[in-house]
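Colleague: Could you pull up the model and talk me through it? I'd like to go over the folds and the contacts with you.

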Amino acid sequence: MSDILGWLICGLALVILLIAALGVYRLPDALSRQHAATKAATLSLSLFALGIGLLAWDAAWTWRLILLVAILFGVLPLASHALGQAAATPGDPE
Amino acid sequence: MTPTLLFVVLAGLAAVPGLHRLLVGPTLADRVIGLDLLFAVAIILSMTAALLSQRTVFLDVAIGLAVVGFVATLAWARLIQVRAGGESK
């Protein structure tokens, strides 16, 4: 039961990652591409960590995954904010 | 382990637009966005490697990738802003 749930959550995470990649490819300007890449990728990474944690039902895996998700949640908003400011900078040089 | 190989294929498919943005993105910010997406794909591939080999070492690799990706994105974004501000002056 936990295995099937884990596979499903991992698959959902990869679908969300593909949607993020599609957004990065299709959206018109840098600011909206940043929006697609950062938010959807954060959701995808945390869902994938949850799925892996369900698949490998083990304390060593769970603690490492909790640490990984905590680092991602602490760190990705800061990176996204800086990236958004850079994308909104007028006269961005080539 | 067929689903795991499917994961690898899907994550590799998601890396293609990131590589495209990294190589041909019209502005510098687009290239950093591509790099960010590639780091996300790398973290997912690393977790998949941990699942395939049943070793927790690859989860430590994923944690290191997350930290390095954060520092890289922050440094590049700051560089873009500083450069644009310096040119407008």
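What follows is a short exchange on the helices, the interface and two single residues.

Modeller: Before you start, this is a predicted model, where local features need pLDDT of at least 70, side-chain atom pairs count only at pLDDT 80 or more, and totals for chains, interfaces and linings use all residues. Residues are numbered from 1 along each chain as its sequence is written, while chains are lettered from A and ligands numbered from 1 in the order in which they are written.

Colleague: Fair enough. What pattern does chain A follow along the sequence?

Modeller: Helices (H or I, at least four residues) and strands (E, at least two) are DSSP runs, numbered from the N terminus. On that basis chain A has three helices and zero strands. Read along the sequence, the pattern is α-α-α.

Colleague: And what radius of gyration does chain A have?

Modeller: The C-alpha trace of chain A spans about 50 × 25 × 15 Å along its principal axes. The radius is taken over C-alpha atoms, and the globule rule is 2.2 Å times the number of residues to the power 0.38. A compact globule of 94 residues would come out near 12 Å, but chain A has 16 Å.

Colleague: How do helix 1 and helix 2 of chain A run, roughly parallel or roughly antiparallel?

Modeller: Axes here are lines fitted to C-alpha atoms, for helices over the stretch in contact, and angles run from 0 to 180 degrees between N-to-C directions. The axes of helix 1 (residues 2–26) and helix 2 (residues 30–55) of chain A come within 8 Å and cross at roughly 165°. Angles under 35 degrees count as roughly parallel, over 145 as roughly antiparallel, 65 to 115 as roughly perpendicular and the rest as oblique. So helix 1 and helix 2 of chain A are roughly antiparallel.

Colleague: Which element gives the most to the side of chain A that touches chain B?

Modeller: Two residues are in contact if their C-beta atoms, placed from the backbone, lie within 7 Å, and 44 residues of chain A are in contact with 42 residues of chain B. Helix 1, helix 2 and helix 3 (59–88) of chain A each give two or more residues to that side. The most, 16 residues, come from helix 3 of chain A.

Colleague: How many nonpolar residues are in the contact of helix 2 of chain A with helix 2 of chain B?

Modeller: Helix 2 of chain A and helix 2 (residues 28–53) of chain B pack at an angle of about 10°, with their axes 10 Å apart, which makes the two roughly parallel. The contact includes A:Ala41, A:Leu45 and A:Phe48 on one helix and B:Leu37, B:Ala40 and B:Ile44 on the other. Ala, Val, Leu, Ile, Met, Phe, Trp, Tyr, Cys and Pro count as nonpolar, Asp, Glu, Lys and Arg as charged, and the others, Gly among them, as polar. By class there are three charged, three polar and 16 nonpolar residues.

Colleague: Where does B:Gln54 lie?

Modeller: B:Gln54 has a positive phi of about 55° although it is not a glycine. Most residues other than glycine have a negative phi. B:Gln54 lies in the loop between helix 2 and helix 3 (57–88) of chain B.

Colleague: Last one: is B:Ala75 buried or exposed?

Modeller: B:Ala75 lies in helix 3 of chain B. A residue is buried if 20 or more other C-beta atoms, placed from the backbone, lie within 10 Å of its own, exposed if 12 or fewer, and partly exposed in between. With 12 other C-beta atoms within 10 Å, B:Ala75 is exposed.
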